[in-house]
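Visitor: I'm new to protein structures and would like a close look at just one part of this one. Could you start there and then show me what surrounds it?

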Amino acid sequence: MSIVTISRGSYSKGKEVAEKVAEQLGYRCVSRDILIEASQDFNVPEIKLIRAIHDAPSIFKALEYGKEKYIAYIKAALLKQLRSDNVVYHGLAGHFFVSGISHVLKVRIVADLEDRIRLEMAREGISHEKAMALLQKDDEERRKWSRDLYGIDAWDAGLYDLVIHIERLSTEDATKIIVDTVKLDKFATTPESNRALHDLALAAEVKAALMDVKYDIDVQAQDGSVEIRLHAPPARQPEMKRRIHEIAGAIPGVKNIDLKMSRITMYGE
């Protein structure tokens, strides 16, 4: 029992590989399902979630309330899906959200640019130059997204357990490599790694639920004990404390809340 995350660019055949891996392992394969679930759980139009993970943020947009909120919703929805184990996820950001979880095999699929251009040309009916420009723009936006929000370059091979180039290797070759690798003992789910994933998922769910109270908060969870840290002006602290306990306390799995509020002084106080 394990989890596979597959990061890929447009027209890199990563979706095809993910579906084949899931079929051979008997795992669930998820991608856009995450956006649909997040949209339903948090009552947010799916298009806003799509823009949140695909639009390249500027330095200012990276700190923008709306974007932070939508990313929190996507993270909570993804980790909720992964808690059940035996999942192949393909799409942006999966490997960021499960950092430190030992039973996750992180894979990056890359493909020859000319092959990707030919697929884009065939699908969209556009010229070679137009297809190349669109792919390069999409790649750069994805790269900026990870760099601006997480300070990580998604092209960094060190983020992944496997980097597979679809050129000399076919999608069938890639599938076999991934299936064989994830069966190694080091990627098997252990009680410790399972608890760590559940703690991560609970913290993400709590943070997502609190985004309308305050978005720049830090949430950690361990065995149902949730620690919440935030800064707030003294005048707002009593009401924020009440709302945080009310919202977080209603989430299944939360056993107790340790709220740490530090003071910030507003202009004029």
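Visitor: Which residues line the largest cavity?

Guide: Quick note before we dive in: this is a predicted model, where local features need pLDDT of at least 70 and side-chain atom pairs count only at pLDDT 80 or more, while totals for chains, interfaces and linings use all residues. Residues are numbered from 1 along each chain as its sequence is written, and side-chain values use heavy atoms, with hydrogens and water left out.

Now your cavity. Its lining is made of Ser7, Arg8, Gly9, Gly91, Leu92, Arg108, Arg142, Ala154 and Trp155. A cavity here is a set of points, on a 1 Å grid over the protein atoms alone, where a 1.4 Å probe fits but cannot get out, and a lining residue has an atom within 4 Å of a point. The structure has one cavity of 30 Å³ or more, and the largest has a volume of about 60 Å³. That volume is the space filled by probe spheres set on the points, which are joined across faces, edges and corners. The lining splits into three nonpolar, three polar and three charged residues. In that scheme Ala, Val, Leu, Ile, Met, Phe, Trp, Tyr, Cys and Pro are nonpolar, Asp, Glu, Lys and Arg are charged, and the others, Gly among them, are polar.

Let's follow Gly9 from that lining. Gly9 is one of the residues in contact (heavy atoms within 4.5 Å) with Arg116, along with Ser10, Tyr11, Ser12, Ala111, Leu135 and Asp139, leaving aside neighbours within four places in sequence. Arg116 sits in helix H6, residues 113–124; helices (H or I, at least four residues) and strands (E, at least two) are DSSP runs numbered from the N terminus. Arg116 counts as buried because its relative accessibility is 6%, where buried means under 20% relative accessible area, exposed over 50%, and partly exposed in between (1.4 Å probe, protein chains only). Lys13 is 103 residues away from Arg116 along the chain, yet their C-alpha atoms are 8.8 Å apart.

Next stop: the largest nonpolar core, with 29 residues. A nonpolar core is a set of buried Ala, Val, Leu, Ile, Met, Phe, Trp, Tyr and Cys residues joined through side-chain atoms within 4.5 Å. Ile34, Tyr73, Leu79, Leu82 and Phe97 touch the most other members. Helix H4 (65–82) is one of the elements supplying at least two residues, and H4 gives the most, ten. Look at Leu82 in H4: it counts as buried because its relative accessibility is 0%. Not counting residues up to four places away in sequence, Leu82 touches Ile3, Val87, Val98 and Leu197. Leu79, leaving aside neighbours within four places, has contacts that include Val98 and Leu197 too.

Just past H4, in the loop between H4 and E3, is Asn86. Asn86 has a positive phi of about 55° although it is not a glycine. Most residues other than glycine have a negative phi. Asn86 counts as partly exposed because its relative accessible area is 24%.

Zooming out, the chain has ten helices and eight strands, and 44% of its 269 residues count as buried.

Terms used: On a 1 Å grid over the protein atoms alone, a cavity is a set of points where a 1.4 Å probe fits but cannot get out, and a pocket is an open set with protein on both sides within 12 Å along at least five of seven lines; lining residues have an atom within 4 Å of a point.
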